[in-house]
Amino acid sequence: MQLRRIALVLFGMATLVVALPFCKSADEEQSKQYLNHSDTAEYVGINVCAQCHIDKVKTFRETGMGLSFDGASREKSSAQFEAHHILYDSALDFYYQPYWSGDDLRLKEYRLRDGDTVYSRTETISFIIGSGQHTNSHLIQKGDFVVQAPFTWYAQEGKLDFPPGFGNGNNSRFSRVIDQECMSCHNAMPQMVDNSSNAFKYIPHGIDCERCHGPGSIHVNYRKSGNYPMDGSIDYTIVNPSDLTWERQIDVCQRCHLQGNNVLKSGKTFADFKPGMVLSDVFEIFLPEYEGNDGQFNMANHSDRFQSSLCFTKGGGYTCISCHNPHVSVQATNHAVFNKTCMDCHSTETCTETMVRRNQKQDDCVTCHMPSSSTEDIPHVSVHEHKIGIYDSTYSAVNHQADPVGLYSVNNKNPSVETQIRAYLTYYEKFDPKPVYRHKARELLNSYSSPSLEIHYAYQTQDWKELISHVSPTLTSADAMTCYRIAKAFSSTGNDKEAANWLELAVLRDHLNFKFLSELGSVYTKLKQFEKAEEVLLKSYAGFNEYNPTLNNLGYLYTLNGSYGKASLYLRKAIALNPDDIKTVENLVLLYSVTTNQEKEKQWLKYLLDLDPMHEIAQQRYTQLSGV
């Protein structure tokens with residue numbers, strides 16, 4: 001009777017699919033029974049979970065996940081910023097100094113000339129990302145958008161350095177916009193502005209219970225109504241990973257603990273995956289494939305490394321939670337807890353190591369079989385090797401492998417041709433512009449018909465005529481980025497009217513994309529549609545007021561229509577944000593040329609020639625004004 005009552009309550013709270021297709025595997029059938037996979041299920045937050053599970057919440061808050069993300073405060077920061085903690089980017093000639101001003105963490109960017117400060121910009125940090133066990137990186141909120149700041153504290157070495165991807169001449173300063181993909185791995189699930197991948201309605205403060213258990217509203221309502229499964233059966237209002245098959249358990253973990261190129265399935269977002277689902281139904285994760293070695297040893301590739309271990313392939317169902325209790329910090333877990341899992345299959349009698357070394361290591365399996373090593377993608381960090389094996393004392397997982405031969409999907413052994421092409425194209429763009437990735441995409445495209453993917457490929461090669469040859473009326477329903485790529489091709493070949501049509505479609509599908517809006521404003525300006533240009537450029541500016549192309553486009557527009565005061569205002573803002581932006585300086589030269597202020601024009605021409613000594617037009621005009 002009790003079981004019948006529970007079933008009726010569950011059915012009344014959400015639609016339950018009873019007729020499951022027989023072609024699905026047993027674990028897929030089970031996953032479809034979870035009521036919190038429904039679109040009606042909502043995230044309730046860790047404080048609601050704590051009302052019943054305070055013991056688990058208390059210890060979870062001390063884990064790396066629980067400490068993953070928070071506001072920028074002295075309590076959250078693991079850094080010890082001193083006066084000597086200054087970064088210097090020799091490629092861009094910028095210095096960076098983080099410091100505390102009262103309770104605010106700030107970053108000063110500046111430039112020196114003969115010991116004098118000739119440029120300075122100070123930003124206040126909004127969030128600290130990372131538990132502090134390995135790193136603290138730093139984010140700045142700009143309206144609905146969030147950008148990454150160009151400094152990271154590497155806690156293991158107590159060292160200040162640039163974040164991954166910012167070094168070696170790649171410093172993007174304050175322009176790396178954080179999107180849903182990034183935020184949803186390093187944090188609890190954020191709420192996004194509708195039809196946007198990088199505009200945030202709400203940003204949580206740290207990974208919480210629902211990242212592993214799924215949204216909790218249905219479960220909370222069920223328990224508040226006094227219903228409990230009394231016979232020990234599975235409570236399908238919430239996901240308990242220990243009830244899942246090993247495949248689905250690993251999917252929960254490798255949703256974030258598998259760093260690679262995440263390729264979304266058509267129509268999916270990174271918010272669509274919920275624990276208990278098949279991860280490859282939402283996105284597939286691609287990593288480089290190398291000939292003759294184990295591949296990359298990255299900071300967050302625990303899942304891939306573990307799945308290549310004999311303990312996994314022959315161990316009979318071991319998963320991440322066989323060793324890890326997600327509710328308890330690794331730092332607080334005695335190695336004996338991990339070693340106990342090893343002893344389920346092995347014993348100290350089977351160890352072939354010498355007794356001398358065993359005594360030195362105190363028979364600690366982890367120390368010998370999961371040695372700590374530096375990583376290939378993040379400097380100043382070391383993590384345990386999760387490919388459990390036999391290693392000597394000189395082992396280093398970083399092997400500086402040869403060039404990659406391709407990509408492989410970790411969570412789907414048979415990816416579609418379309419997904420593979422998208423993986424190669426996006427890996428080339430986002431991670432590593434090696435020719436092999438584009439060549440592989442071309443090989444696959446030769447036997448696969450897809451106008452949108454051909455357009456993506458031609459966009460990368462900037463073969464605008466080839467790109468336009470794949471455009472047809474059927475593509476008017478394409479995604480925003482495809483529309484933008486088509487617009488770029490028409491704009492680059494001088495067909496601004498057609499470019500405007502496609503940019504309008506891009507904006508229609510992603511209405512807060514300040515890049516699309518800025519491009520559309522620029523094209524409207526070329527078409528002398530000044531009122532429409534001003535409208536979309538001001539909308540771009542309102543969304544993100546530190547995007548230099550928008551500021552430049554506004555400055556140019558107002559110069560053309562005679563609003564010189566406004567032109568000066570926006571161009572001054574642009575040069576204050578980026579003193580090396582040649583386009584801004586060119587627009588300032590134009591402004592003072594149009595207003596016949598030759599003194600100012602000459603001043604900015606000199607500035608322009610300092611940035612680009614080979615600028616022929618600037619050389620000619622400067623010579624003319626100088627009377628030489």
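**Group meeting: helices, cores and two loop residues**

Let me start with one arginine: Arg-442 has a relative accessibility of 22%, so it counts as partly exposed. Before going on, please keep in mind that this is a predicted model. Arg-442 belongs to helix 15, which covers residues 435-445. What does Arg-442 touch once its neighbours within four places in sequence are left aside? Its contacts are then Glu-454 and Tyr-457. As for Tyr-424, it is 18 residues away from Arg-442 in sequence, and the two C-alpha atoms are 9.3 Å apart.

Now to the inside of the protein. The largest nonpolar core has 51 residues, and the ones that touch the most other members are Leu-467, Ile-486, Trp-502, Leu-520 and Trp-604. Let's take Ile-486 from that group. Setting aside neighbours within four places in sequence, Ile-486 contacts Ile-455, Leu-467, Val-471, Leu-475 and Trp-502. Apart from the largest core there is another, made of 27 residues, including Leu-105, Ile-128, Phe-166 and Tyr-547.

Next, helix packing, and here I'd like you to keep your eye on helix 20. For anyone new to this, a pair of packed helices is described by the angle between the axes and the distance between them.

The first partner is helix 19, residues 496-509; its axis is 9 Å from that of helix 20, and the angle is about 155°. Are these two roughly parallel or roughly antiparallel? Roughly antiparallel, because the cut-off for that is an angle over 145 degrees. Their crossing is left-handed. On the helix 19 side, the contact uses Asp-496, Ala-499, Ala-500, Leu-503, Glu-504, Ala-506 and Val-507, and these meet Phe-516, Leu-517, Glu-519, Leu-520, Val-523, Tyr-524 and Lys-526 of helix 20. By class, that contact has 10 nonpolar and 4 charged residues, with no polar ones. You may recognise Leu-520 here, as it was among the residues with the most partners in the largest core.

The second partner is helix 22, residues 548-560, which packs on helix 20, residues 514-526, at about 20° with the axes 9 Å apart. That angle is why helix 20 is roughly parallel to helix 22. This crossing, too, is left-handed. Helix 20 brings Phe-514, Ser-518, Ser-522 and Thr-525 to the contact, while helix 22 brings Pro-549, Thr-550, Asn-553, Tyr-556, Leu-557 and Leu-560. Which classes do we find there? There are 5 nonpolar and 5 polar residues, and no charged ones.

The third partner is helix 18, residues 480-492, whose axis comes within 12 Å of the helix 20 axis, crossing at roughly 30°. Helix 18 is therefore roughly parallel to helix 20. Again, the crossing is left-handed. Ala-480, Met-481, Tyr-484, Lys-488 and Ser-491 from helix 18 are in contact with the helix 20 set of Lys-515, Phe-516, Glu-519, Val-523 and Lys-526. The classes here come to 5 nonpolar, 1 polar and 4 charged.

Finally, two loop residues to look at on the screen. Asp-114 is not a glycine, yet its phi is positive, at about 55°. You'll find Asp-114 in the loop between strand 4 (104-113) and strand 5 (116-124). With a relative accessible area of 82%, Asp-114 is exposed. The other is Asn-195, also not a glycine, with a positive phi of about 60°. Asn-195 sits in the loop joining strand 10 (191-192) and strand 11 (200-202). Is Asn-195 buried or exposed? At 59% relative accessible area, Asn-195 is exposed. Thanks, everyone!

Key. Residues numbered from 1 in each chain as written. Predicted model: local features only at pLDDT ≥ 70, side-chain atom pairs only at ≥ 80, totals over all residues. Heavy atoms only, no water. Core = buried A, V, L, I, M, F, W, Y, C linked by side-chain atoms within 4.5 Å. Buried < 20%, exposed > 50% of the residue type's maximum accessible area, 1.4 Å probe, protein only. Contact = heavy atoms within 4.5 Å. Axes fitted to C-alpha atoms, helices over the stretch in contact; angles between N-to-C directions. Helix = DSSP H or I, 4+ residues; strand = E, 2+ residues; numbered from the N terminus. Parallel < 35°, antiparallel > 145°, perpendicular 65-115°, else oblique. Left-handed = near helix turned anticlockwise from the far one by under 90°. Nonpolar A, V, L, I, M, F, W, Y, C, P; charged D, E, K, R; others polar.
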